[in-house]
Amino acid sequence: MNQKENCTNQYYIARQNSTESNARSYPRKFPFAISKAKGSWVEDVEGNKYLDFLCGAGTLALGHNDPEVNQAMIDLLASDAPLHTLDLTTPVKDEFVHTLLGLLPKELQDNAKIQFCSPSGTDATDAAIKLCKTATGRSSVIAFHGAYHGMGQGALSLTGNLNAKSKVQSLVPDVHFMPYPYSYRCPFGLGGDAGTDAACEYFERMLKDPESGITKPAAVILEPIQGEGGVIPAPVKFLQTIRRVTKELGIPMIVDEIQCGIGRSGKFFAFEYADIVPDVILASKAIGGSQPLAVVIYNKELDKWNPGAHAGTFRGNQLAMRAGTTLIKRVSQPEFLNEVVEKGTYMRDRLLELKKKVSIIGDIREKGLMMGIEFVDPNATPDKLGALPGSGEIAADIQHRCFEKHLIMERGGRNGAVMRCLCALNVTRDEINKMLEIFESVVMEVDAGAKK
Ligand SMILES: Cc1ncc(COP(=O)(O)O)c(C=O)c1O
C-alpha cells in the first residue's frame with residue numbers, strides 16, 4: 001500500500017464509499033476521515049483541525065475524550081471488573097442507576113423503575129411503546145408532527161419525517177399524529193400564543209371527543225424540544241396541557257429526552273422547564289458519557305412486564321455506565337447548567353444580530369445549547385404569517401461552506417432548512433466566538449448571492 005496515499009481523506013472516503021451502504025449520511029456532508037478528537041475539536045488524517053458543533057449528534061456532552069470520563073473508563077478497564085453483563089447487576093451499574101434516578105422529580109423518583117435497552121434511542125422508544133401497550137392493553141399511540149424517535153420500524157412509525165417512512169411498507173399501525181406548536185410555521189396558521197392555544201385545545205378535544213375516530217391511546221409520546229424536526233421547543237403551556245389531559249384520561253405520557261436531555265437545554269431534563277412529571281422518560285445519547293447506552297425510566301405502576309418482555313444482549317455495557325455516571329455527576333451541577341444557559345443566550349443574541357443583517361435567516365430558536373437557525377428563500381412569497389418558505393438549498397450551501405472553513409454543523413427541520421448547533425456543553429467562550437466568526441462570514445457570503 002502506498003504510504004502517502006493512506007494519509008489522505010480521499011483514500012478513506014473512496015474505500016468507505018465502496019464498502020458502506022447507500023444509507024450512509026454524514027460522510028456525504030463531511031467527506032473526511034477523523035484520526036484524532038479532543039474537546040470540541042476533531043482532526044482529520046491530513047492534520048486539519050475542525051470545530052465540532054455536531055459532537056456525535058449531541059452525544060458528546062463533554063466533548064471528545066474528556067479526561068475525567070476517559071480516566072474513569074481506564075480505571076475500570078484496569079480493575080478486572082466485568083465489561084459486559086447482560087442485565088446482571090454490578091456495583092458500577094448500581095451507582096449509575098442511583099445517580100440517574102436521584103435526578104428525577106421527587107414524585108417519580110420514589111416510584112421509578114429503569115429498563116436498560118439495546119444501546120440506541122430507537123430501542124428505548126420501542127421498549128417504551130411496548131411497556132405502555134402492555135400496561136394499558138391498548139393499541140393506538142399519539143405522536144406529533146415533526147417528531148423524531150428513531151429509525152427502527154417501531155420508532156420510525158412514530159416519526160414525522162416522510163423521507164425514510166415512505167419507502168418502508170407496513171410500519172406499526174394505529175399511530176396518530178397531532179399538531180406540535182411551531183410558532184414560525186404554525187400548523188393552524190395562527191402563530192404565537194394563539195397557535196399554542198389551538199394546539200392545546202385540539203389535543204384535548206381530540207382525546208375527549210367520542211367521535212374522534214381514535215381509540216384511547218396506549219401512550220402519548222413527544223420530545224419536549226424537537227431536535228431533528230428543526231429545534232422546536234414545546235411551549236410550557238403545551239407540555240402542561242398534555243400532562244394534565246393524559247393524567248385525567250389515564251394515558252401514559254412518554255417524554256423523549258434522547259436529544260434534549262442530560263443538560264442540553266440548560267436543565268438536566270428539558271421537561272423540567274414545564275414543571276411536569278411524565279410517566280416515562282427515554283434517555284440515550286449523552287447518558288453513556290460517549291459510550292452507547294439507552295434506558296427507559298418509568299413509573300412502576302406501568303411495570304406489567306413479564307420477565308424477559310424486553311431483552312437485548314448489549315444492555316450491560318459497564319464502560320458506558322461508568323462513563324455515564326461520571327458525566328451525569330458533572331453535567332447535573334447547577335453551576336454547569338447555568339453556564340449552558342448563559343452560553344446559549346450569548347450565542348442566540350449574536351445570531352439575532354446576524355439575522356438583522358441578512359435576508360436568508362427566517363427564525364432562530366434556542367434552549368440552552370440546543371439551537372436552530374432556519375434559513376428561508378428571500379425571493380419567494382411569504383405566507384400569511386410573514387414567514388418565507390424554508391430553503392434546504394441555502395442551508396445545505398451554508399453547511400458545505402462552514403465545513404470548508406472547518407466548522408461542522410448538522411441540518412434538520414422541514415426540507416433540511418434548519419442549521420443546528422449540538423456542540424459540547426463545556427464548549428468555551430473562545431470556541432463559541434470562533435464558531436460564530438465562521439458562521440457569520442459564511443451566512444453573509446451566501447446572503448450576498450441569494451437576493452435576486
Ligand atoms: C429525540 C430522539 N429520539 C430518538 C432518537 C434515536 O436515537 P438513535 O439514533 O440512538 O436510535 C434520536 C436520534 O437522533 C433523537 O434525537
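Which polar backbone atom is 3.3 Å from a nitrogen atom of the ligand? I looked, and that backbone atom belongs to Tyr148.

I note that this is a predicted model, where local features need pLDDT of at least 70, side-chain atom pairs count only at pLDDT 80 or more, and totals for chains, interfaces and linings use all residues. Residues are numbered from 1 along each chain as its sequence is written, and side-chain values use heavy atoms, with hydrogens and water left out.

**Entry: ligand**

I went on to the side chains. Asp256 places a polar side-chain atom 2.7 Å from a nitrogen atom of the ligand. For Gln259, I found a polar side-chain atom 2.9 Å from an oxygen atom of the ligand. On its own the ligand has 390 Å² of accessible area (Shrake-Rupley method, 1.4 Å probe). The protein covers 83% of that.

I then listed the residues around the ligand (a heavy atom within 4 Å of it). Among them are Ser120, Gly121, Thr122, His149, Glu223 and Lys285.

**Entry: Ser40**

Where is Ser40 found? I located Ser40 in the loop between strand S1 (34-38) and strand S2 (41-44), strands being DSSP runs of E with at least two residues, numbered from the N terminus.

Is Ser40 buried or exposed? Ser40 counts as buried because its relative accessibility is 2% (buried is under 20%, exposed over 50%, partly exposed in between; 1.4 Å probe, protein chains only).

I checked what Ser40 touches (heavy atoms within 4.5 Å), not counting residues up to four places away in sequence. The list is Tyr50, Leu51, Asp52, Ala424, Val427 and Glu431. With Glu431, the Ser40 side chain makes a side-chain polar contact at 3.3 Å (N or O atoms within 3.5 Å, one able to donate a hydrogen and the other to accept it; residues adjacent in sequence count only if both atoms are side-chain atoms).

Note on methods
Helices (H or I, at least four residues) and strands (E, at least two) are DSSP runs, numbered from the N terminus.
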